[in-house]
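The following exercises are to be worked through with the sequence and the structure at hand. Each task is followed by a solution in steps.

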Amino acid sequence: MAQNDKLPIGVGLVIGMGLAIGIGGVLYAAAKAKEAPEYDARFDLNNDGVIDDYDVEIFQAHYEMLASSSPQAAACDFNGDGIVDIIDYSMLNAHYGAVREEVAPPAKGFYMPPKMEAVASGPDPEFLNYYNMLFQCPITNKGNNTETHTIKWWGSHPDAPTGSREITLAPGETYVWEHQQYAMILITYYLEGDWAENNRSIGVPELVFA
Ligand SMILES: [Ca+2]
Ligand SMILES: [Ca+2]
């Protein structure tokens, strides 16, 4: 378990020397009186967002070492006096149980409207009485990070072309997916992204001029 039994493992559980028991006991009472210990990254030795037994274990492994002996030992010398000792432990103990405040979650990533722009003209007597359809869908990165996602599309008719494409967008950037389709009938188009929400759009062509 602990490599060094001179120190309490966690708050209040005291093993070893009388000095450690005395100081540990007092600090335990102080820590108990405080509702929420303050998070300080210096004491979160394994940087997992909480100051707990894992940090105490790391501290114990460097107990009574000189700060100059290793970068890890230096990290445990909280008061910077050159040695990892009971004073450093008391500082760690005062922050025991503290939890890092969650950083704001990133804003939602890619977004596409549920309904895309879809217009059609026709039927064109000069071109096999085909309709000319144009589908357009803006995809915007509403997140805080540059992301790469795959979009795919298909039409309501089995012969309508399908496809997929990888797109990379910086925060705030918009890519407009566009598809032009000639057909004897009006076709609905579907667009789908591989992200979690707001990832589907449907295009039902509206006949704007004959
Ligand atoms: Ca930690
Ligand atoms: Ca020290």
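**Exercise 1: Strand pairing**

In this predicted model, residue Y190 faces I202, a residue of strand 8. Determine how strand 7 and strand 8 pair, and which order the strands of the open sheet have.

*Solution.*
Step 1. The pairing of strand 7 with strand 8 is antiparallel and comprises 4 bridges.
Step 2. The open sheet consists of 4 strands in the order 5-4-7-8, and its pairing is antiparallel.
Step 3. Strand 5 (163-169) and strand 8 (200-203) are the edge strands, as each of them pairs on one side only.
Step 4. From one strand to the next, the twist averages 20°.

**Exercise 2: The elements of the chain**

State how many helices and strands the chain contains, and in what sequence they follow one another from the N terminus.

*Solution.*
Step 1. The chain has 4 helices and 9 strands.
Step 2. Read from the N terminus, the pattern is α-α-α-α-β-β-β-β-β-β-β-β-β.
Step 3. Among contacts with a separation of 6 or more, 61% join residues that are 24 or more positions apart.

**Exercise 3: The nonpolar cores**

Identify the residues that touch the most other members of the largest nonpolar core, and the strand that supplies its largest share.

*Solution.*
Step 1. The largest nonpolar core has 17 residues, and those touching the most other members are M133, F135, C137, I139, Y189 and L191.
Step 2. At least two residues of this core come from each of strand 2 (117-124), strand 3 (130-141), strand 4 (147-155) and strand 7 (189-193).
Step 3. Strand 3 contributes 5 residues, the largest share.
Step 4. Beyond its neighbours within four places in sequence, C137 has contacts with M112, P113, M116, W177, L191, S201 and G203.
Step 5. A separate second core, of 15 residues, has L45, A73, Y96 and A98 among its members.

**Exercise 4: Burial**

Which residues of helix 4 (residues 86-94) are buried, and how are they placed around its axis?

*Solution.*
Step 1. Of the 210 residues of the chain, 24% are buried.
Step 2. In helix 4, the buried residues are D88, Y89, L92 and N93.
Step 3. These residues lie on the same side of helix 4, because they cover an arc of only 140° around the axis.

**Exercise 5: Confidence**

Assess the pLDDT of the chain, and locate stretches where pLDDT stays under 50.

*Solution.*
Step 1. The chain has a mean pLDDT of 85, with 80% of its residues at 70 or more.
Step 2. Over residues 1-5, pLDDT stays under 50, and the model has 10 contacts beyond four places in sequence for them.
Step 3. Over residues 8-34, pLDDT also stays under 50, with 40 such contacts in the model.

Conventions
Residues are numbered from 1 along each chain as its sequence is written. Chains are lettered from A and ligands numbered from 1 in the order in which they are written. This is a predicted model: local features need pLDDT of at least 70, side-chain atom pairs count only at pLDDT 80 or more; totals for chains, interfaces and linings use all residues. A residue is buried if 20 or more other C-beta atoms lie within 10 Å of its own, exposed if 12 or fewer, and partly exposed in between; C-beta atoms are placed from the backbone. Two residues are in contact if their C-beta atoms, placed from the backbone, lie within 7 Å. pLDDT is the predictor's confidence in each residue, from 0 to 100. A nonpolar core is a set of buried Ala, Val, Leu, Ile, Met, Phe, Trp, Tyr and Cys residues joined through C-beta atoms within 7 Å. The arc is that of the directions from the helix axis to the C-beta atoms. Two strands pair if DSSP finds at least two bridges between them. Axes are lines fitted to C-alpha atoms, for helices over the stretch in contact, and angles run from 0 to 180 degrees between N-to-C directions.
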